[in-house]
Amino acid sequence: LSEIFSPAELDWQLKHSNILSIKKDIPKFLETINYQCRRPTTKDIDTMLAEGRLVTAVVNAKILNGEPGYSSHMILIYKKDNDTYVAHDPGLPAYESRKIPVDLLWKAMGEGASATDVTGFRLS
């Protein structure tokens with residue numbers, strides 16, 4: 001984990017998530033998905049949206065809200081309009097259909113320098 005996360009992200013994950021308790025579930029998970037361990041880009045999001053997927057992204061909520069610091073947060077991106085993503089943001093406070101410029105989302109994703117999780121879900 002220390003190779004993937006920045007020190008602040010790792011500390012937060014170990015204190016506030018179930019990341020260690022899910023270790024036993026990882027082998028089955030890896031058998032059922034197309035997992036790639038690399039730093040995602042907004043182009044990856046564009047590709048998944050074009051495939052008709054919903055996309056979750058772990059971002060720094062502080063950056064989305066124009067605040068200093070780090071706060072791990074997940075949003076659900078469901079559309080792109082030109083240079084703006086449209087996402088449901090559970091908040092707090094919650095934002096339905098929040099419009100996020102591509103460059104702001106990229107910054108909130110760590111600009112390629114942090115371990116952001118981006119996942120595309122295909123609806124059936």
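This note sets out points on the pocket, the surface and the salt bridges of a predicted model.

1. Basis of the values. The model is predicted, so that local features need pLDDT of at least 70 and side-chain atom pairs count only at pLDDT 80 or more, while totals for chains, interfaces and linings use all residues. Residues are numbered from 1 along each chain as its sequence is written, and side-chain values use heavy atoms, with hydrogens and water left out.

2. The largest pocket. The volume of the largest pocket is about 1800 Å³. A pocket here is an open set of points on a 1 Å grid over the protein atoms alone, where a 1.4 Å probe fits, with protein on both sides within 12 Å along at least five of seven lines. Grid points are joined across faces, edges and corners, and the volume is the space filled by probe spheres set on the points.

3. Lining of the pocket. The lining comprises 48 residues, and Tyr 35, Gln 36, Asp 117, Val 118 and Thr 119 lie nearest the centre of the pocket; a lining residue has an atom within 4 Å of a point. By class, the lining divides into 24 nonpolar, 14 polar and ten charged residues. Ala, Val, Leu, Ile, Met, Phe, Trp, Tyr, Cys and Pro count as nonpolar, Asp, Glu, Lys and Arg as charged, and the others, Gly among them, as polar.

4. Elements around the pocket. At least two lining residues each come from helices H1 (7–16), H2 (26–32), H3 (42–50) and H5 (102–108), and from strands S1 (53–60), S2 (72–81) and S5 (118–122). Strand S1 gives the most, with five residues. Helices (H or I, at least four residues) and strands (E, at least two) are DSSP runs, numbered from the N terminus.

5. The loop between H2 and H3. Asn 34 lies in this loop, as does Tyr 35. Asn 34 counts as exposed because its relative accessibility is 67%, whereas Tyr 35, at 49%, counts as partly exposed. Buried means under 20% relative accessible area, exposed over 50%, and partly exposed in between (1.4 Å probe, protein chains only). The C-alpha atoms of Asn 34 and Glu 3 are separated by 21 Å, with their positions 31 residues apart along the chain.

6. A nonpolar surface patch. Tyr 35 also joins Ile 26, Phe 29, Leu 30 and Ile 33 in a nonpolar patch of about 450 Å². Such a patch is made of residues with over 30% relative accessible area and no salt bridge, nonpolar side chains (Val, Leu, Ile, Met, Phe, Trp, Tyr) being joined within 5 Å. Accessible areas come from the Shrake-Rupley method with a 1.4 Å probe.

7. Salt bridges. The whole structure holds seven salt bridges, each being a side-chain nitrogen of Lys or Arg within 4 Å of a carboxyl oxygen of Asp or Glu. One of them pairs Lys 15 with Asp 11 at 3.3 Å, N to O; both residues lie in helix H1, four residues apart, about one turn of the helix. Lys 15 is exposed at 59%, and Asp 11 is partly exposed at 39%.

8. A bridge between distant parts of the chain. Asp 46 and Lys 80 form a salt bridge, with their closest N and O atoms 3.1 Å apart. This pair links helix H3 to strand S2 across 34 residues. Asp 46 is partly exposed, with a relative accessible area of 25%, and Lys 80 is likewise partly exposed, at 31%.

Key
Patches are made of residues with over 30% relative accessible area and no salt bridge: like charges are joined within 9 Å, nonpolar side chains (Val, Leu, Ile, Met, Phe, Trp, Tyr) within 5 Å.
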